[in-house]
Amino acid sequence: MKRIAIFSFYDCEGHADMYINCLLQDMTAFIDKLVIVCNGSVDEDSLAFFKKVSDYCIIRENIGYDAGGYKDTILALQQSGGFKEYDECILFNNTFFAFFYPLQEMFDAMDKKSDVDFWGITKHPKGQYQNKYYYAEHIQAYFLVIRSRMFHSSDFLCFWQNIDYPVDYHMAVQQFEIAFTEYFTKKCFVGNVYCDLQRIGIEDRYGINPYLSYGYELIVQMHCPVLKIKSIYIENSKENRVLEAIDYLQKMHLYKTEYIWQYLSRGCQNGSISTYFDFYKLEQFCRRFSSLYVYGNGVYGKWIKRYLQLRHFPFDKMVVTHKNKKLEDDCVEYTRFKAKPNAGWIVALNAKNTTQVLNLIQNDISEDRLFVGKR
């Protein structure tokens, strides 16, 4: 079995963090040729690393997202005969942390599915995007493996010849990720995934992205070897136990989780990551205090509490305006307890409730001891 892999890289500063180094080094044992496509600039250190681990490193103008990079590379390789000697093609990008489990497990499991023409790690059930368009069930495109029958078919070449360069993220999802499964399924090719949540009793839910809702179940119960970066953002945390999954990876020594925090902090600092709580500013704030209170006991409050514990910051208590009997023992009512002097306060509420709470507490707590989300 000979495999060629195309890795699509983009970073607004052109920098490949350590998680990317780890990801690519793990992949090298399973591929015979690696082509790295840099969409946009790449700094000197990152370029030196890419040249060290790859056979070819291409730097192109950032046009068309991953789909544009794949399109140009695939058509060029096809024209030069660069695909002829390979049995499989892998397409993957830098939107996930990996790999937590031996990749041999995943490849061995999928090799047993001899009737499959292309596969990925997870699938997205059918759904609707913001009342704008409906989409069918599809294999998520951050990691795709295409086998010989499909890889060497005229249909494979035709797909890439006809795909437009997406001009925005949603066009990229529609015309590449969703269209890929739909197009090749109609051409009678068979797709599958390594991590089908139905195997552990979790049924598909209309429009629910599995890695945003079931990060813990995927990693802990299904041995999913990757964690999508966007699954960590607090906006996606309503159901997802992703911080528990990271804690598990750390305790079981399955991954250097410091790579996760390094990347998220840099991404927030340079503006490439936009999430309600800025990881970089939050870390800087927490390091200033020997005690931290979290105001709020809802989704955001519980997420921040878990984050502080996971990062070994000095979490003290959760604070609410009115306490009821159902709340935890470490949750106190604001007007009925004496806070430690000079402690830091994180208001972990949505924008509307944050404004209401600030009106209540800002006369008692100086601004430099308050941290809030984006408003």
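A cavity is a set of grid points where a 1.4 Å probe fits but cannot get out. The model used in these exercises is predicted.

**Exercise 1.** Find how many cavities of 30 Å³ or more the structure holds, and give the space in each.

*Solution.* Start with the count: two cavities reach that cut-off. Next, take the volumes. The largest cavity holds about 100 Å³ of space. The second largest holds about 60 Å³.

**Exercise 2.** Sort the lining residues of each cavity by class.

*Solution.* Begin with the largest cavity. Its lining includes Lys123, Asp196, Glu203, Asp204 and Arg205. These residues count as charged. Also in this lining are Pro125, Cys195, Leu197, Ile202, Ile208, Pro210 and Tyr214. The tally is seven nonpolar, no polar and five charged.

Now turn to the second largest cavity. Among its lining residues are Thr122, Gly215 and Ser231, along with Lys228. The tally here is seven nonpolar, three polar and one charged. Helix H9 (215-221) and strand E13 (226-228) each give two or more residues to this lining.

**Exercise 3.** Work out the strand order of the open sheet, and explain why E3 and E12 each have one side without a neighbour.

*Solution.* Write down the order: E3-E2-E1-E4-E11-E6-E12. That makes seven strands with mixed pairing. Look at the ends. Strands E3 (56-60) and E12 (191-193) are at the edges and have a single partner strand each, so one side of each lacks a neighbour in the sheet. From one strand to the next, the twist averages 15°.

**Exercise 4.** Describe how E1 is joined to E4, and name the bridge partner of Ser8.

*Solution.* Strands E1 (residues 3-9) and E4 (residues 88-93) run parallel. Six bridges join them. Ser8 has Asn93 in E4 as its bridge partner.

Note on methods: Residues numbered from 1 in each chain as written. Predicted model: local features only at pLDDT ≥ 70, side-chain atom pairs only at ≥ 80, totals over all residues. Heavy atoms only, no water. Pairing = 2+ DSSP bridges. Helix = DSSP H or I, 4+ residues; strand = E, 2+ residues; numbered from the N terminus. Axes fitted to C-alpha atoms, helices over the stretch in contact; angles between N-to-C directions. 1 Å grid on protein atoms, 1.4 Å probe; cavity = no way out; pocket = protein on both sides within 12 Å on 5 of 7 lines; lining within 4 Å. Points joined across faces, edges and corners; volume = space filled by probe spheres on them.
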